[in-house]
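Reader: I should like to understand how pockets in a protein model are described. May we go through an example?

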Amino acid sequence: MSEETGLERADRLEAEGRHEELVGQLIELLEGEGDPARRMALYRRASAALEGPLGSAEDALMVSLQAFDEFPDDGHFAEWLARLADGCGAWHRVLAAYENACERWQGEPATAATFHRRLAGWYALQGEATEVLRHRLTLSDLDPGDRANEDALIDALEDAGEWAVVAELWKGRLVKATDPGEQAAARARLVELYEGRLNRPGDALALTLQAFEAAPDDARSGELARLAERARDWQPVFSAYEAACARFAADPDRAEPFHARLVGWYDLTDQDQAATPHKIWLAQRHPQDPARQRELAHLFEAQGRWAELKDLLCSQLNTLADAPTRVRMVLRIAQILEEKLADPQEAFELLGRVYVEALDGGLEMHLEHLAERHGLFKALARIYRRALDRTFADVGEAAALHLKAATIYGERLGDLRRAADQYALVLQYEPDNERALAALGALFEAEGRWEELAEVRRREAEAPAEADIRYRRWLALGDLYREQLNDTVRAVEAWFKAQEVLPDTSPVLLRLLDAYRETDRWEASITVLRKLAKREEDPAKQAKYVYAIGIIQRDKIEDHYVAVRTLDKALEIDPTLVRAFQAIDEILTADHDYARQDRYYRKMLVRARQHRLDDALVISLARNLGEINRSRLANYAEAIKAYEIVARKRPDDRPTRALLTELYALEGDHQAAVKQAFSLVRLDPTDPGGYRELARRHLDAGHLDGAWCASQALVVLGQANADERRFYDEGRRHSTAQAQRSLDAGDWALLTWAARSQAIDGVLLATHEITGPLLARTPKALGLHPRKDQLDLDAPSDLGQILKYTQQVTGVTVASAWLSPTTVGLGVADLWPPGLLVAPDMASAGFAEAAARGARALYLASVQHILASGDPDPLRARQRVLGVIAASLALVAPQLEVPAEAKLVEALGKLTAGRRADLEAAVPGLPQPLDQGVEAWFEAVEHTANRLALLVSCDLATVARLIRDEPHPLVGDPATRLRALLLFAVSPQYTELRKRLGLNVPQR
C-alpha cells in the first residue's frame, strides 16, 4: 500500500470512529516510514488516539516513550509525557526514560543539561529531594554559569541540610562577584552560614575581618565582638583594630574610636599591658580631662609603674589650690616614694616641706610614722626646728611643738640636754604642762637624779587636778622618798597629804602599815589594819586584815589569848580562811590548851558544815576533833560523834571504822561495836583481821553464835589460829545442823538478796502457767528414760531423807527426780512441772553437801526461777527471761511498742483473769533499762540460792567448795560469789536466821 493510501485509510478509520484499527494502521505505517518528521507525526497521532477515544493513557504513554526513545527531545516531549504520566500514575517510567537520556547524551553537555534540568524539576514535584539534589549537582558541573540552577541547587541543599556544600557555593559566588553590593550580600550570607549553621565562628570572624580591613569602621565592633567571643579568639580582632590605629595615626579624630574600643576590649579580657598604650594615647589627647588622668594614674598603679605614677602626680601637684586635696596628694606621693620606690628620704623631705608651710596635723602624724619606720629622727627634729622658727599666735601650739621636739631628742636621739631644754621651753609657755613635767621627771628618773625628780613630782602633786590624780601623785611622791631617798619621814608626810585628799584609802594605809612595821610600831600597825578591815567591803579581804592583826598579836605582842579570839573573828568574817584556823590550832597545841582547842574545833566544824566547805576540810576537822577527844581528853562519846562524821563522808575508810569499833567498845556500846566491826568485813571480805575483830566484839557483846560465825569464816579462809579453830569445833558440837521449822515470809526477807526485783518475780509467777509448759523440754530431750531414770524420793534412802528435809525447810517441792550421769551433784530438770537431776554419786554424799545442793536446786527449780536455771547457756537463759517480759509488756502495755515474739504474746493472751491481774500489777514496777534489771535479778537469784544452801547445810566450807565447783552458775566468777557468801555468813541477817531456826550455838 502506498503512503497516501495508508494515510487515507487512517483518515477514514478515524472518521468512522474505528480507533483501535486506526492505531494499528498508524503502527503499520511507522514500520515503513523513514522520514523523522513524519514518524514523529505518526507517533503523536497514535498516542492521541490511545489517550483520547480509546481512554488508555498507559498505552499512549508507552507509544510516547517509544517515540522519545527514538527522538529524545525535551522540547517535543516534556509536556506530553508529563500529562500522560499524571494520567496513568506512571511517573517512574517517564523518569526512567529521562535518566536513560541523561546517560545516553552525557557526552554532549548541552543536551544532557536539558534532560538533567527537566529531571530536577520533575523530582521536585515528586518530593524526591535526594534525586533533585543529584541532578542539580550534575547540572552545576555541566553548566557552571547557570545561575538559576545554582539558586535552585542552594535551595535544594538547604532543604537537605547540606550546609557545608551551601557554604562552598556561596564562597564560590563571593569569589566570582565583582559588584560590591553582590559581594557584601554573599559575605553576609556566608557569615550567617558559618556562625548559625556550621558552628564555625572563626570562619565567620575571618570574613567579617576581611570586610573591616578593606574599610575600617568601628560600627562593626558589635558584630566583631560577638564573633570573637563565640570563636574564643579575640586576637584577630585586636590585630585588626591595632592596624586601624596605625593606619589612622596621622588622623587622631578617625583613630580615637579604635583606641577607645581597644581599651574597652583589653579591659574586658584582662589584658592590662596591651591596654596601656591606648590609655596613655587617650590621656595625652585629653590632658584636661580629670577622668582620663585618674584612669592613667590607676593604670600606672595597677601595673606597678611607680616612677611614672610619681611623675604624673607631681605634675598635678602645683595645679591643686585646695589645701586638703594638696595634702592628700602629697601623702600619696610620699607613700609611693617610701613603699614602692624605696626612697623614704625623698618622701620625708617632701612631707617636711609641705608641713613647714602648713603645720598640718595629718602630715605631722605621717612624718612621725615615717621617722619611726626608717629611723629618720634627726631629720624629724630638724623639721620641727624649722617649723618652730615661725611666729605662733597660739602659745599652746608652740608648747605642743616644743614638746614633740623634746620627745624626739630625749626618747629617740638620746640627747637629754636638748630634750631638757625643749621641756623647759614648754614650761615657759605652760608652767603646769603635765606632759612636760612627766617627761622631765622621766629624764631625771632615767639619770637617777632623785632629788630633782622629787621636786618635779612635788610640782605635779601641787598642780590643780582632780582629787584622784592629786592623790596618786602624792602617793607616788611618798614612794619616791621611801624607796629612792630612804627618807621615811618625808614619805609619811607625802602619804598624809594623799590621805588629806582621799581619807583612809587602802593604798595609803598599806604604805603606812609597811612603814610602821619597818619601825616596829606594832600598835600603830594594828590601828591601820583595823581601819583597812573596817573600810573593806569584800569579806575575804576584810578577814585577811583581821588575820594579820591576830598574827601580830601572836608573834609580836605575844598575847595568845587575844590572838586566838582575833583569828576566830577572821573566821567569822570568812569561814574559808583556813590558815586562820591553822594558826589557832598551832597556838592551842603549843600551849597544850586542849579543852579550848576542842571548843574551837567544834566551832570550826560547825562553820565548815554550815557553809558547805570542801569535804576534805570537814573530814580533816572531824578526824582531828575525834583524836583530841580520844587521845587527849579521853572523851570517847565526843570522839565517836566526830569519827561518825568522817564515816558518813567516807564510808569505805577502814581506819575510821576500826577507831569507831574501839571507841564504841570503850563506851560499852557493844552492839554498835559489832556493827562497826561488820563494816570492816564488808569493806574487805578477804581480810582475816576484820573477821577476828568481829568475833572479839561479838564475844564482848555476849553473842556466842555471832563469834562462832566469824570463826567459821576464818576457818574457811584458812586464817584461823589454834584458839579460833578450837572455838569453831566446840561450837559445832553444841549446835544443831537441822532447822526446827520451815522458813516464813520474814525469814525469806532476811535471806533474799536486797537487789532482787519483785516486779520480775511477779511477771514470771503470773505467766508460769503458760510459759512453763510452753518452754519446758521433754525427758527425752534431756536424755532421760521415763521408767529407767526416774527416782522415787519416797523410797528409803539417806539422800531421800535429806531432800525431804530440805523441801520441808524451804517450802519448795518438786514433782520428780531423775538419775542423770551427766549432772554434777544436783541440778534442775527443765520439765513441766520442774524436777531435779541427781548425779549417781549423790547417793554417798554427806548431810552438808546433800542439804546444800538440795536447797540450791530446789530454790532454782521453783516456777519463777526455772526459766533462768533450766538452760545451762547463760545467754539463752537471759533471752528466755527477757522474751517473757517483752511478751508480757506487749500484752498488757501495747502503747510502749515493745518488740516481742508474736506466738508468745498470743499464748499469754490465754492467761486466767486472776493471773492477768497479777501480771498487770507487776509490770509497772519493772526496772529500767530492762536488760540491766534482768542481769541484776539473775545476780540476786544466784546469791540468794547460795545463802539458802548455807542456811540449810550450816556448813560454810562445804558451800564454799560447791561454789568453786559449780559448773553452771547464773552469774559471776567464783571469787565474787564466795566474797558475797562470806559477808552473809557473818552478817546480822544470818545470825538472826540461825537464831530463829534454832541453828545457833547456844549461850553457855
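Author: The following exchange concerns two pockets of this predicted model.

Reader: What makes Gly827 a lining residue of the largest pocket?

Author: A lining residue has an atom within 4 Å of a point of the pocket. The largest pocket, with a volume of about 720 Å³, has 38 such residues. Gly827 belongs to them, and is one of those nearest the centre, together with Val828, Ser869, Glu966 and His968; therefore Gly827 has an atom within 4 Å of a point.

Reader: Which helix supplies the largest share of this lining?

Author: Helix 45 does, with 5 residues. Helix 45 spans 847–860, and among the other elements that each supply at least two residues are strand 3 (826–829) and helix 50 (930–953).

Reader: Why is 826–829 called a strand, and 866–869 a helix?

Author: A strand is a DSSP run of E with at least two residues, and a helix is a run of H or I with at least four. The run 826–829 is therefore strand 3, and 866–869 is helix 46.

Reader: How are the residues of the lining of the largest pocket divided?

Author: They comprise 20 nonpolar, 8 polar and 10 charged residues. Gly counts as polar and Glu as charged, so Gly827 is placed with the polar residues and Glu966 with the charged ones.

Reader: What can be said of the second largest pocket?

Author: Its volume is about 450 Å³. The second largest pocket is lined by 23 residues, with Gln671, His698, His703, Pro988 and Thr991 closest to its centre. Helix 38 gives the most to this lining, 7 residues. The lining divides into 6 nonpolar, 11 polar and 6 charged residues.

Methods:
Residues numbered from 1 in each chain as written. Predicted model: local features only at pLDDT ≥ 70, side-chain atom pairs only at ≥ 80, totals over all residues. Heavy atoms only, no water. 1 Å grid on protein atoms, 1.4 Å probe; cavity = no way out; pocket = protein on both sides within 12 Å on 5 of 7 lines; lining within 4 Å. Points joined across faces, edges and corners; volume = space filled by probe spheres on them.
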